[in-house]
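Student: Please take me closely through one part of this structure. I should then like to see how that part is connected with its surroundings.

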Amino acid sequence: MYRTHTCGELRLSDKGKNVTLAGWVQRIRDKGKMIWIDIRDRYGITQLIFEQGKTDENILNTAKSFGREYVIQVTGKVIERYSKNPELPTGEIEIFVTELKILSKSEVPPFTIEDNTDGGEELRYKYRYLDLRRPELQRNMALRYRVAKEVRNYFDKHGFFEIETPYLIKSTPEGARDFIVPSRLHPGSFYALPQSPQTFKQLLMIAGYDRYFQIVKCFRDEDFRADRQPEFTQIDCEMAFVEQEDVLNMFEGMMKHLLKKVMNVEIDKFPRLTYDYAMEKYGSDKPDIRFEMLINDLTDLIKGKGFKVFDDSEYIGGIVVKNQAGVSRKVLDKFTNFVKQPQIGAKGLVYAKYNKDGTIKSSIDKFYTNNDWKAVFEQMEDKPQPDDLVLILSGNKQETLVQLGKLRLHVAEYFEMIDHSKFAPLWVVNFPLFEWDDEDQRFVAMHHPFTSPVPEDIELFDTDPGKMRANAYDMVLNGVEVGGGSIRIHDAEVQKKMFRALNLSEDEIEEKFGFIINAFRYGAPPHGGIAFGLDRIVALFAGTNSIRDVIAFPKNNAGRDIMLDSPSPVSPEQLKELHLEIKKPKN
């Protein structure tokens with residue numbers, strides 16, 4: 001056999017054993033008469049020792065010829081290390097080598113295979129198979145496996161079936177984001193890769209499989225960010241004969257199970273916030289509740305003092321930063337520049353320092369006296385105290401709330417107010433059913449067109465669809481949306497009303513969704529579900545900001561696979577067989 005033990009397995013209790021290890025050369029320390037070599041596999045590192053006069057001369061010479069990342073096999077005796085390494089699980093022992101074999105030589109790798117590597121991101125993506133040897137990524141891959149395993153364990157205990165759904169499907173109304181697959185056997189026709197198994201899991205509910213889940217690849221052709229990939233993995237779930245409370249309890253339980261089993265974290269509270277409350281108090285529909293600093297509505301408290309910016313604003317809001325009244329003007333200028341960035345869009349920032357001596361210094365002292373500020377502070381929900389700093393933005397209400405939400409997070413990070421070892425999950429419920437699309441001048445579904453409205457709002461389809469609320473819910477963890485779902489429409493007529501509100505014609509409804517409308521006619525149970533982003537959950541557990549760190553072979557920021565050089569052109573012969581012709585873009 002190639003090995004009797006792994007490189008992370010041996011301990012002082014194994015002293016005296018003859019063992020065989022196989023792995024990669026991590027590090028070589030040649031001191032002339034003594035050579036130490038670290039051998040590595042995915043389980044850990046073990047130190048090998050070679051000593052002139054005791055080690056066979058041929059073995060010694062072979063060891064001297066090693067380079068980093070050589071694949072070797074060694075046999076020897078486990079001995080106690082003279083200089084122990086408490087940072088290493090195997091740090092009390094080493095192997096005195098008596099047999100040695102080179103299994104594969106290696107060129108010098110383009111970067112160091114260590115946690116603190118000297119390789120840039122693009123270089124490491126090009127040689128991803130080398131990058132995956134690094135302990136950090138190996139830990140991430142192991143974490144991903146454990147999360148997926150515990151997901152399956154949880155659902156198995158609760159009577160769910162894991163059922164696979166097709167990857168080659170019909171393009172959806174959001175077709176601009178579909179990846180299209182041409183059919184060779186059906187010229188001019190195309191499949192699409194699924195953005196979600198949404199309709200299939202609803203059909204499974206109609207088919208009587210009342211508890212379904214799937215850990216499934218999904219595909220979306222959209223812009224890229226740290227938490228986005230063109231292909232991503234969902235934990236996709238659906239349940240029949242349920243109301244919202246049943247769904248929330250089931251999947252709240254799943255997250256508690258994962259945190260306990262994978263991270264050894266106990267979660268008691270799982271707050272539920274309405275969408276309106278989340279936006280009003282956190283400026284976000286995915287609020288980070290690991291710290292306080294809620295948004296205060298100052299609109300009716302602060303107008304009327306002649307400051308035109310405030311007096312002309314639809315909304316004025318502020319956040320109270322505890323114990324930071326002594327912050328410098330330089331830092332305040334940084335905050336101002338932050339909110340004025342184009343991606344945030346505020347025109348400026350007003351501050352008020354409530355000093356320890358009771359005086360208040362603001363950036364608009366010309367308009368507001370100490371007494372004016374104290375009157376405002378006294379009426380605020382989050383009342384400032386001496387030594388607090390108040391930061392204020394104004395403008396259009398919806399835009400200003402979002403800007404305050406981003407400022408809130410930025411300030412909390414700057415003053416190190418966030419406990420990054422903490423996990424703080426919550427639900428956001430009662431989203432709007434529709435969003436208005438200014439470009440197309442029509443309503444679009446805020447979640448997707450199969451989301452049920454709350455029952456009391458169904459009558460608004462014909463009168464005021466913009467006021468309708470969705471029977472929808474998002475799970476948020478540490479300010480990241482990790483899952484979203486809804487109770488589904490299960491009545492054909494209500495589903496048609498939804499499609500009509502989205503400006504779909506009867507022909508479009510029949511062409512794109514006739515199959516599910518017809519299925520509703522054959523006894524559709526009430527049902528609802530949710531889809532979690534597996535990549536996002538693992539990234540949060542791993543403490544990384546990018547899901548690319550927890551995906552074995554990710555695409556880069558431009559959606560390219562640098563290792564495979566993909567996407568890439570195909571040959572004229574392939575295009576001909578697929579009945580396709582490429583038009584060159586106009587200059």
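**Helix α7 and the sheet around it**

Tutor: The buried residues of helix α7 pack against strand β11, helix α12 (397–414) and strand β17 (425–429). The model is a predicted one. Helix α7 covers residues 275–282, and its buried positions are Tyr 275, Ala 278, Met 279, Lys 281 and Tyr 282. In an α-helix there are 3.6 residues to each turn, so side chains three or four places apart point the same way. Directly after α7 comes Gly 283, whose phi is positive, at about 65°.

Two of the elements that receive α7 lead to a wider assembly. Strands β17 and β11 belong to an open sheet of eight strands, ordered β6-β9-β10-β22-β21-β20-β17-β11 and with mixed pairing. The edges are formed by β6 (161–162) and β11 (272–274); each has a single partner strand, which means that one side of each has no neighbour in the sheet. Strands of a sheet are paired by hydrogen bonds between their backbones, in a parallel or an antiparallel sense.

Elsewhere in this sheet, strand β9 (residues 211–219) and strand β10 (residues 231–240) run antiparallel and are joined by nine bridges. One such pair places Phe 219 opposite Glu 231 of β10. Against this part of the sheet packs helix α4 (residues 135–157), which touches β6, β9 and β10, and whose direction makes about 150° with that of β9. Helix α5 (residues 198–206) lies across β9, β10 and β22 (527–533) and runs at about 25° to β10.

Helix α4 also has a helical partner. Its axis comes within 10 Å of that of helix α6 (residues 244–263), and the two cross at roughly 135°. Angles over 145 degrees would count as roughly antiparallel; α4 and α6 are therefore oblique to each other. The crossing of α4 with α6 is right-handed. On the α4 side the contact includes Leu 143, Val 147, Val 151 and Phe 155, while the α6 side includes Met 250, Phe 251, Met 254 and Leu 258. In full, the residues of this contact comprise 11 nonpolar, two polar and three charged.

A second helix pair offers a useful comparison. Helix α13 (residues 492–501) packs with helix α14 (residues 506–520) at an angle of about 155°, their axes being 10 Å apart. These two helices are therefore roughly antiparallel to each other. The crossing of α13 and α14 is right-handed. Ala 492, Gln 495, Lys 496, Phe 499 and Arg 500 of α13 meet Glu 506, Ile 509, Phe 513, Ile 517 and Phe 520 of α14. Six of the residues in the contact of α13 with α14 are nonpolar, one is polar and three are charged.

The chain also contains a closed arrangement of strands. Five strands form a barrel in the order β1-β2-β3-β5-β4, with mixed pairing, and the average twist from one strand to the next is 55°. Within the barrel, strand β3 (residues 44–51) pairs with strand β5 (residues 93–104) in the parallel sense over two bridges.

Finally, the whole chain gives the setting for these parts. The chain has 16 helices and 22 strands, and 48% of its 587 residues are buried. The C-alpha trace spans about 90 × 75 × 60 Å along its principal axes. Of the contacts between residues at least 6 apart in sequence, 66% join residues at least 24 apart.

Terms used. Residues are numbered from 1 along each chain as its sequence is written. This is a predicted model: local features need pLDDT of at least 70, side-chain atom pairs count only at pLDDT 80 or more; totals for chains, interfaces and linings use all residues. Side-chain values use heavy atoms; hydrogens and water are left out. Two strands pair if DSSP finds at least two bridges between them. Helices (H or I, at least four residues) and strands (E, at least two) are DSSP runs, numbered from the N terminus. Contact means heavy atoms within 4.5 Å. Axes are lines fitted to C-alpha atoms, for helices over the stretch in contact, and angles run from 0 to 180 degrees between N-to-C directions. Angles under 35 degrees count as roughly parallel, over 145 as roughly antiparallel, 65 to 115 as roughly perpendicular and the rest as oblique. A crossing is left-handed if the near helix is turned anticlockwise from the far one by less than a right angle, and right-handed if clockwise. Ala, Val, Leu, Ile, Met, Phe, Trp, Tyr, Cys and Pro count as nonpolar, Asp, Glu, Lys and Arg as charged, and the others, Gly among them, as polar. Buried means under 20% relative accessible area, exposed over 50%, partly exposed in between (1.4 Å probe, protein chains only).
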